[in-house]
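Please open the model in your viewer and keep the sequence panel beside it, since this tour moves from one selection to the next.

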Amino acid sequence: MRSITERHFSEASTQELVDAAAAIAAELAQRPAPESPAACMRLAETLAAASDAHESALAGFIARVDIAGETRRWGLPSTQAWLRSRLGMRDSRAKERLTLARQLHRLPTVTALLAAGELSYGYASTVADAVVRLDDEDSARAETLLLDMVGQGFSAGKVAAFGRRIRDVIAERDGHETAPEDAQRGYERSWVTSTRSLDGGRYIRGWLNPEDAAIWDGTLGPLAKPGGPDDHRDLAERTAAALSSVLSGGHRATKVTVICDLETLTGGHAPARLTDGTPIPAPQARRIAMSAGVSPLLLGNGHAPLYLGHRVRFATAAQRQVLETLYPTCAVQGCEVPGTLCEVDHVNGWALGDSPTDIDKLALCCGWHNRYKHTHPQQIHTTHDPATGHYTYQLLPPPDTPAASPRTTDPPAILSWAA
């Protein structure tokens with residue numbers, strides 16, 4: 001019977017197998033636990049091994065979604081945000097699962113053992129977290145070392161503690177310990193290095209002496225606190241948002257000028273540029289021009305300046321104070337970025353003159369969704385409560401993708417195959 005069942009399973013589609021697993025889990029959840037504690041122990045161990053195999057499949061699904069950037073088509077800024085909002089995961093669990101999905105391709109032994117049910121999800125995620133900051137060569141070494149610890153019976157906590165100093169362990173084993181380059185700078189003076197990535201972002205590293213660290217803590221500390229019980233961002237994400245808020249002058253001052261043709265801003269393909277000459281592709285220029293703290297310098301025929309964004313474009317401090325009382329979080333339904341860290345958004349679009357800077361035409365929107373809203377207007381449904389003046393932006397599925405609920409599946413036919 002088992003070979004027949006396995007043969008039918010191999011012929012089933014991935015969708016059918018997922019439907020079958022969901023149906024079995026739903027049925028099992030409704031059944032009371034057996035009276036025998038010993039039987040419950042055996043069943044729990046078997047079910048936990050099956051759950052680990054499910055985690056292996058889930059990691060593969062998450063990895064494919066993450067690599068393709070599919071979540072952005074659905075108006076979600078990241079894969080981690082998708083795991084939180086659509087799969088109901090706590091932020092720590094979402095981050096853990098995403099790390100495992102991103103690292104499995106570099107951990108062939110862990111991948112095989114997890115899929116076979118011979119390695120628990122806890123150990124697999126611990127190894128994946130340990131190799132995040134390692135190159136491929138050191139990752140392979142770390143995988144061997146940490147799996148050796150698993151084989152020796154060390155707990156997941158011990159393996160995690162070992163993994164946190166895996167770089168030092170590898171260096172000690174290979175005999176090439178070297179003092180970090182940063183340590184040669186000393187600790188009296190602060191320093192920051194910044195490297196621009198190919199997509200326009202920046203990698204930042206640095207050290208602050210005690211005096212500058214006190215300024216950092218006093219300025220960013222209050223802004224980096226969680227915005228409420230529904231703010232699931234980790235400290236690093238909240239700190240980055242706080243830093244951006246401070247650098248943009250509270251979203252009130254013009255900090256950046258994007259020079260572009262009027263045709264570019266209204267849908268053309270001619271590239272724009274920053275004042276230092278950095279070229280900006282037309283789609284990116286339009287996204288930047290929608291950001292608070294950015295002034296678009298429009299050029300006409302002969303590159304004559306036609307319009308330079310002025311301060312009436314930006315909400316006043318009083319207007320922002322009112323908006324922060326209306327919007328505890330981003331106006332996008334389900335987005336948890338606190339309103340204090342959001343940008344002032346012109347509901348109907350400022351660039352083409354459709355939305356004046358009037359309080360009844362403004363909302364608070366996080367930076368990512370602010371840009372998404374203006375580049376994907378067909379995927380935003382706006383509702384307005386005239387009694388409170390509050391706008392709500394609802395994300396719609398991509399036009400070529402039918403919405404589906406993963407919890408409303410009919411009992412799959414595959415169940416009959418195993419009967």
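Is V246 buried, partly exposed or exposed? Select V246 and show its surface: with a relative accessible area of 36%, V246 is partly exposed, where buried means under 20% relative accessible area, exposed means over 50%, and partly exposed lies in between, for a 1.4 Å probe and protein chains only.

Before going on, note that this is a predicted model, in which local features need pLDDT of at least 70 and side-chain atom pairs count only at pLDDT 80 or more, while totals for chains, interfaces and linings use all residues. Residues are numbered from 1 along each chain as its sequence is written, and side-chain values use heavy atoms, with hydrogens and water left out.

**The whole chain**

Colour the chain by secondary structure, and you should find 18 helices and 11 strands; here helices (H or I, at least four residues) and strands (E, at least two) are DSSP runs, numbered from the N terminus. The protein chain has 419 residues, of which 36% count as buried. Its accessible surface comes to about 24800 Å², and 57% of that surface belongs to carbon and sulfur atoms, the areas being computed by the Shrake-Rupley method with a 1.4 Å probe, and for residues only the protein chains shown count as cover. If you take the contacts (heavy atoms within 4.5 Å) between residues at least 6 apart in sequence, 53% of them join residues at least 24 apart.

**Around V246**

Return to V246, which lies in helix 13, and display what surrounds it. Once its neighbours within four places in sequence are left aside, V246 is in contact with T219, L220 and L223. From V246 to L223 the C-alpha distance is 9.0 Å, although the two are 23 residues apart in sequence.

**A buried arginine in a loop**

Next, select R233, which you will find in the loop between helix 12 (210-223) and helix 13 (235-247). R233 is buried, since its relative accessible area is 10%. Apart from its neighbours within four places in sequence, R233 is in contact with D91, R238, A241, V337, P338 and L341.

**Salt bridges**

Now show the charged side chains and look for salt bridges, each of which is a side-chain nitrogen of Lys or Arg within 4 Å of a carboxyl oxygen of Asp or Glu. By this rule the count comes to 11.

Begin with R97 and E55, a salt bridge whose closest N and O atoms are 2.5 Å apart. This pair links distant parts of the chain, because R97 is in helix 6 (residues 91-103) and E55 is in helix 3 (residues 37-68), 42 residues apart. R97 is buried at a relative accessible area of 13%, and E55 is also buried, with a relative accessible area of 13%.

Then move to E70 and R73, whose closest N and O atoms are 2.8 Å apart in their salt bridge. Both lie in helix 4 (residues 70-73), 3 residues apart, which is about one turn of the helix. E70 is partly exposed with a relative accessible area of 25%, and R73 is partly exposed at 29%.

**Two helices side by side**

Two packed helices are described by the angle between their axes and the distance between the axes. Select helix 3 together with helix 7 (residues 108-115): they pack at an angle of about 130°, with their axes 8 Å apart. That makes helix 3 oblique to helix 7, for angles under 35 degrees count as roughly parallel, over 145 as roughly antiparallel, 65 to 115 as roughly perpendicular, and the rest as oblique. The axes are lines fitted to C-alpha atoms, over the stretch in contact for helices, and the angles run from 0 to 180 degrees between N-to-C directions. To see where they touch, display D52, A53 and S56 of helix 3 and T111, L114 and A115 of helix 7.

**A hairpin, then a last stop**

Go on to strand 10 (residues 380-385) and strand 11 (residues 390-395), which pair in the antiparallel sense over 6 bridges; two strands pair if DSSP finds at least two bridges between them. T382 has Y393 in strand 11 as its bridge partner. The hairpin has 4 residues between the strands, and G389 takes a positive phi near 80°.

Finish at N370 in helix 17 (residues 367-375), which is buried with a relative accessible area of 1%. N370 and V332 are 38 residues apart in sequence, and their C-alpha atoms are 9.2 Å apart in space.
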